[in-house]
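This report is for a reader who has not met the structure before. Please look through the sequence and the model first, then read on.

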Amino acid sequence: MRGLLELPAGAVLAAIDKSSDYVQVPGSGLPVRDPFGIGRHIWRQQHFIQKDGLVWFFSKNGNARTSTLYRYDRQLSRADSFFLPMIIDRICVLDKHTAILAQIPWLFRFDARNGRLEKYKENGRPKQFQFGTQVHDMLAGRDQKLWVGSNDGLWEVDLRAQKSRRLGLESGLRDKRVQVLCESSAGLIWFGTVLGGLHAFEPKSGDMRVVNRASGLANNTVVSILEDDAGMIWAGTYDGLSVLHPDGQVLGNLDVTNGLTHTEFNRFSFLKTRTGALFFGTVQGLNIINPGKLKVGLVDRKAGQVF
């Protein structure tokens, strides 16, 4: 499973990996060909960004070095499309009209009201970022902060002040390849790396902490992160699902003996629904988790001092 989308009635639409189909959960299990009514294939390696009743996603237009950005209204079942003369690597949504687009080595601000596309600037000049070969994830955080996970570190971009900084190995990262981001209710930026485990960064203090196999994490390759309604962190890895206390202690790890479909989790395949249920896709299906039930016997453990 790949991209996940919550429908207005509460069901979840899941993209089937290596296929052009979707499946609705719960539902008949029959494939859905064109859930957005746009008449074309949607690129699977992305999040469907849900904000203010709208769903944003994009497609790459073959070999034409162009992309189409979509903004889908779930209530009206209508999609607006925006043709762009660029290949989009990742998108991030600020509000119902504004998106940030990444195309290495640039960031662009797109205004859906007038179709205007502008490069992000610092000191009056377009900023050329050191992203490496890939931008894996982007997150619109609090205080007009944009977080970019790339193959060459974690970038903090202050959109209001128009300044940025890069966090890499010299900042405490165990692996500079940052592939998934999550901002907790406490304001921590949690991020997963390719081989360096799970990290938590406190923007105000600059404190960086690492949770890896040595401290109880299921595996050092982290591909999905969600925070539940109680503030617990759930991290999908290549060898199980880890549950962490907000302070960073690993409370436990889940695998197939706990009912998981597989222990290898997929990128771009995780979702928290309006009811608080957690959906995690793996290489062999979809896991639907009631956090309260699975945490029984874990949350009463004494909190550690990870940070």
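Is Thr282 buried or exposed? Thr282 counts as buried, because its relative accessibility is 0%. The model behind this value, and behind the rest of the report, is a predicted one.

**Three single residues**

Thr282 is part of strand S28. Apart from residues up to four places away in sequence, Thr282 touches Met1, Thr261, His262, Glu264, Phe265, Asn266 and Asn287.

Phe201 belongs to strand S21. With a relative accessible area of 1%, Phe201 is buried too. Residues up to four places away in sequence are again not counted, and the contacts of Phe201 include Trp147, Arg165, Leu188, Phe191 and Met208. From C-alpha to C-alpha, Phe201 and Glu183 are 9.5 Å apart, with their places 18 residues apart in sequence.

Leu7 sits in a loop, the one between S1 and strand S2 (12-15). Leaving out residues up to four places away in sequence, Leu7 touches Leu13, Gln24 and Arg274. Leu7 and Phe83 are 76 residues apart in sequence, and their C-alpha atoms are 25 Å apart.

**Cysteines**

How many disulfides does the count come to? The count comes to zero. Cys92 is in no disulfide, and the cysteine sulfur nearest to its own, that of Cys182, is 13 Å away. The bond is ruled out because the sulfur of Cys182 is 13 Å from the closest cysteine sulfur, in Cys92, which is too far; a disulfide needs the two sulfur atoms within 2.5 Å. The burial of these cysteines is set out below with that of the two buried residues described above.

| Residue | Relative accessibility | Class |
|---|---|---|
| Cys92 | 3% | buried |
| Cys182 | 10% | buried |
| Phe201 | 1% | buried |
| Thr282 | 0% | buried |

**Nonpolar cores**

In soluble globular proteins, nonpolar side chains tend to be buried together. Here the largest nonpolar core holds 28 residues. Trp190, Leu198, Ile225, Trp234, Leu241, Leu244 and Phe280 have the most contacts inside this core. Several strands supply at least two residues each to the core, among them strand S19 (178-183), strand S21 (198-202), strand S24 (233-237) and strand S28 (278-282). Strand S23 (222-227) is another of these strands, and S23 gives the largest share, four residues.

Which residues is Ile225 in contact with, leaving aside its neighbours within four places in sequence? Ile225 contacts Val180, Cys182, Trp190, Phe191, Gly192, Leu198, Ile233, Trp234 and Phe270. A second core of 16 residues is separate and includes Phe82, Leu84, Val93 and Ala112.

**The largest pocket**

The largest pocket contains about 1000 Å³ of space. Its lining is made up of 30 residues, and Phe48, Ile49, Gln50, Leu139 and Leu226 lie nearest the centre of the pocket. By class, 17 of the lining residues are nonpolar, four are polar and nine are charged. The strands that each supply at least two residues of the lining include strand S1 (4-6), strand S5 (49-51), strand S9 (90-93) and strand S15 (135-140). S19, S23 and S27 each do so as well. These three strands also each supply at least two residues of the largest nonpolar core.

Definitions and conventions
Residues numbered from 1 in each chain as written. Predicted model: local features only at pLDDT ≥ 70, side-chain atom pairs only at ≥ 80, totals over all residues. Heavy atoms only, no water. Buried < 20%, exposed > 50% of the residue type's maximum accessible area, 1.4 Å probe, protein only. Core = buried A, V, L, I, M, F, W, Y, C linked by side-chain atoms within 4.5 Å. Contact = heavy atoms within 4.5 Å. 1 Å grid on protein atoms, 1.4 Å probe; cavity = no way out; pocket = protein on both sides within 12 Å on 5 of 7 lines; lining within 4 Å. Points joined across faces, edges and corners; volume = space filled by probe spheres on them. Nonpolar A, V, L, I, M, F, W, Y, C, P; charged D, E, K, R; others polar.
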